[in-house]
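Thank you for making time for this. Please look at the structure on the screen while I walk through a few places in it.

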Amino acid sequence: MTANSAISIERVLRDEAVAIHGATEKSATDTLEELLSAQPAESRRASRDADKRTGPDEDTSDVARRKEFYRTLNKLNRAALCCSGGGIRSATFCLGVIQALAMYRPPTSAAAAMSSAAATDNQTEATPAAVAEKQTEATPVAVTAKQTEAASASPDGKPAGPTPSTSSPPLRPYEIAETADESLLSRFHYLSTVSGGGYIGSWLSAWHSRTDFPSVWRNLTSRPEGPDVEPPELSWLRAYSNYLTARVGLGSADTWTGVAIFLRNLLLNWLVIIPAVALVLVLLKLIATLAVWIARMDNVWWPHALVAVAGVAFLIVAQAFTTRHRPTMRGLDGTSPQDDKDNVDQTTFLRHYLIWSFLSAFCVTSFLTSHVGTHLTGGPSVWPPIIVGAVCGLVIFAAGWIAGWPLRGTPKDFGFWALSGLVYGGLVGFGAHLFTWMSPYTGGQSIWLILLPVIFGVPWVLISQLFAEMVFVGLVSYEHHSDSDREWLGRAAGWVAVTAIVWGVTTFLVFAGAHALLMTHTALRPYIASAGGIAGIVAALIGKSTQTAAKPSKDKESYTELAYRIILSIAGPIFAAVLVVGISVALDLLLLDGSLVEGLAHHAWSLGYILFWLFIGAALTAAIAWVASRSVNINRFSLHALYRNRLIRAYLGASRQHRSPDLFTGFDEGDNPPMHTLWPSKPPSDAASTRPLFHVVNITLNVVQATRLAWQQRKAESFTASALHCGAAYKGFRPSREYGGPAGLSLGTAMAISGAAASPNMGYNSSPSITLLLALFNVRLGWWLGNPGPEGEKTYKHEGPATAIVPLFQESFGLTTDEKPYVYLSDGGHFENLGLYEMVRRRCRFILVIDAGCDPKFNFEDLGNAVRKIYIDLGIRIRFDGLSAIKNRPKKAAIPPRDPPDPKKEERRSIPYYAIGTVDYVNADRKSPDEPDCENGYILYIKPAYHGTEGAGIRSYAEANKTFPHETTVDQFFSESQFESYRSLGLDIMNSILTGDEMDERTLQEVLAKLLPIQRG
């Protein structure tokens, strides 16, 4: 593996194992090294899941090698803490959970101690048995011994969770941890974060990189400087709970700074977009004016002849391509489709057929609507132009077939292809004759004599060509194996139809729309423009609202959701249309001081005058577009920088004791450490060995223009950033110290990308209705970086694209893909919002998932999405036990357990906040049916809920805010009471799981007893 080549996912997993375990697991890491595969092999294997199958199936030895690789990972017996997306709500709730995990040590049993002792042998000091010895002086938490039945069964009706054993050794209860190494938090090898969970995860990682874990632990669990002095790392979070505008209010400088930055970046964004759009419109006007100029030449014949010959030649080129590359006409016997050079892809079709067909339609339209053309097609009878046109069409189609000379051509195919040309020529001739009914070139011209040829002429010719090919498909239906031809020609017809519609709509807006607006009374123009602007703003705001789904739900919609969807579907197209018309009007006024259509129809200006100013306009807009695209950085002038800088100050600056902020802005670039500096974390001062919480930031790589058919819903891939590597399993990885800039990707950038919830391309949340509008209004929190795969060999070290217009165009029209030099990254929740996917890939045996996404109805959408994708992509099934028992704001208040318990009210026991899941690693990775050689994993799934039995501080806030604890994620401005209520809820829920009635469940104790101390050499 060379330094400049992509790194495979297996190499990434092996390097992480070495970094986390060091010499203590040298045998396992050596085995992983022996079983590695390179990224090219990984890419070839992954491509077999795509809709295009190429090459032989994978060798059985390679399958066995890969299974052994993942079984070896399984044997490392690792644990992961997953903090979900959900903005500051999730971050604050997860903070409380993290504090509770730091406070307690796990339960231990004799069996667990024996198992640990056997596994670690010479490292007895950190085994559960040794930990149990240290627990003798602590005050135990009272725990009853009863067992409860599972609250729900798995989807297949079988028990899903681990089955408690009545013969299990007695478990020691949870006790307060006396040292950092004893705490539950120290037992997690991985910290996996998404979006809002990444705020608090990055806060913890930055803190851990600046001081040792015992110091972090002490400040999480106590107040070392006195009961009235909260640790500064925590009090800082309270101070910046309104992290976007630290000081709130309309009179605040922070508020107006945010407004000013948004407007500045919006204008710079438009400085890239508007000139580029204006250039396209000017070129359309220029082409139309040239066509009118040529059409009016009545004393010179050669320009008309040249245009006619060009139209015929272009059509012959297109027809030759079709006849050569139709499936039944190409390939010799014994030639495989992969080796057949005439088997072309869609890009080749667009270049060699569609473009030439369009150019032919334009030239044919220009000739037939010219002075010479109308003279030839005019007359009292419609039949001469139809007959002459049909004969010409027959000759052109015949010439096209001969030019293509298909390898499997037959006389019948040639004859029917030529006959279909009759239809093409006849329809074109008929359309040309209809135009002569308007008596062009016979005095004063109507506006429609300009608009009709420009708007409807090209679509008429293209549709005529489409009808001709339809007739051909019907004539050759007798041919054997002609199904493939019908599919090929059907797809070609689809592209022709789309081109005709796009041309018609665009030219209508540019010419007819602009002329109509200019002819409108002056007093009405501002209102029309304002209506379009308001429509755009409304669409952009609704588009990023939590009430607006990317796809209509199959469940019954609320009236609000339905109203939002209808408004969005109307407002988006209205704004796009008004934008095009507005730019067209502005160009007419700036360049010609009037309507171009009016000037052409009524000879208000000479054609030379019009062409001169249109050329000037094209040159100016091209120059402005080029300079703006090269100068305005597409990343730095989105909303991302505003969002990232404030997140960095609020979360990464919290643990930096010697900040040197700018006295005017309050920001300090030193708050933002590079990702590669996070590991190895700062070693403990007391020489302890624990280095937990290797941070994996989950991000989404957007592939809205998905080439894999199965990904048309998800439109995304998993992308991760850690201290070692950045990349995606399907593309490859790059070293973090080299990826994304001279110093590598920073933690702040990774955290902000992972939380880039509002972006034009949002994975499975992407919607065509709002993609363009979010881009135009610069609601862009995502980030462009070099492709970590082979396509990014020359770009992965760059901070972003050198020019803005191409990626901005891809972002605006949903053309993001993983096959270009740069990729578009956004919120990790756009792929999977729990951080669970990558931890299952790493075969973690215990995973604590905190699902703090906005889910007031407890539909478990994020959990279901994760479970589905994990099985589809990784082949690992996950089953949960107890999901149906979790409730939010139950109608009947939960009743705490009594001591001693009351048998008559046993059924009224407290409602759980958690469920347990089983990760079926055995069936996925087993060595053989009789020899699994690996163990299943377990998930403790926690969801914030309000039961009415919580503490007074929580209850007070919850009663005043009925959507608590699932207030909208759009609310990123937390008050002091809001922050403390979510933090306290996370702390109380985790405390209740560890010390309350839930600990009656032996299953939960047995699962958490598997959390063994982390050992490093």
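In helix α12, the residues Val-312, Leu-315, Ile-316, Gln-319, Ala-320, Thr-323 and Arg-324 meet Ile-396, Phe-397, Ala-399, Gly-400, Trp-401, Ala-403 and Gly-404 of helix α15, where contact means heavy atoms within 4.5 Å. By class, this contact has nine nonpolar, four polar and one charged residues, with Ala, Val, Leu, Ile, Met, Phe, Trp, Tyr, Cys and Pro counted as nonpolar, Asp, Glu, Lys and Arg as charged, and the others, Gly among them, as polar.

I should say early that this is a predicted model, in which local features need pLDDT of at least 70 and side-chain atom pairs count only at pLDDT 80 or more, while totals for chains, interfaces and linings use all residues. Residues are numbered from 1 along each chain as its sequence is written, and side-chain values use heavy atoms, with hydrogens and water left out.

How do the two helices pack? Helix α12, residues 302-325, and helix α15, residues 383-404, have their axes 7 Å apart and pack at an angle of about 50 degrees, the axes being lines fitted to C-alpha atoms over the stretch in contact, and angles running from 0 to 180 degrees between N-to-C directions. The pair is therefore oblique, given that under 35 degrees counts as roughly parallel, over 145 as roughly antiparallel, 65 to 115 as roughly perpendicular and the rest as oblique.

Turning to single residues, Ser-84 sits in the loop between β1 (79-83) and α5 (87-103); helices here are DSSP runs of H or I with at least four residues, and strands are runs of E with at least two, numbered from the N terminus. Is Ser-84 buried or exposed? Ser-84 is buried, because its relative accessible area is 0%, and buried means under 20% with a 1.4 Å probe and protein chains only. Its side chain reaches the backbone oxygen of Ile-850 at 3.1 Å, and, leaving aside residues up to four places away in sequence, Ser-84 touches ten residues' worth of neighbours that include Val-194, Asn-833 and Asp-851.Ala-6, in the segment before α1 (9-21), is also buried, because its relative accessibility is 9%, and its C-alpha lies 8.0 Å from that of Glu-793, although the two are 787 residues apart in sequence.

For the chain as a whole, there are 32 helices and 14 strands, and buried residues make up 55% of the 1017 residues.

Key:
Buried < 20%, exposed > 50% of the residue type's maximum accessible area, 1.4 Å probe, protein only. Polar contact = N/O pair within 3.5 Å; in protein donor to acceptor, adjacent residues only side chain to side chain.
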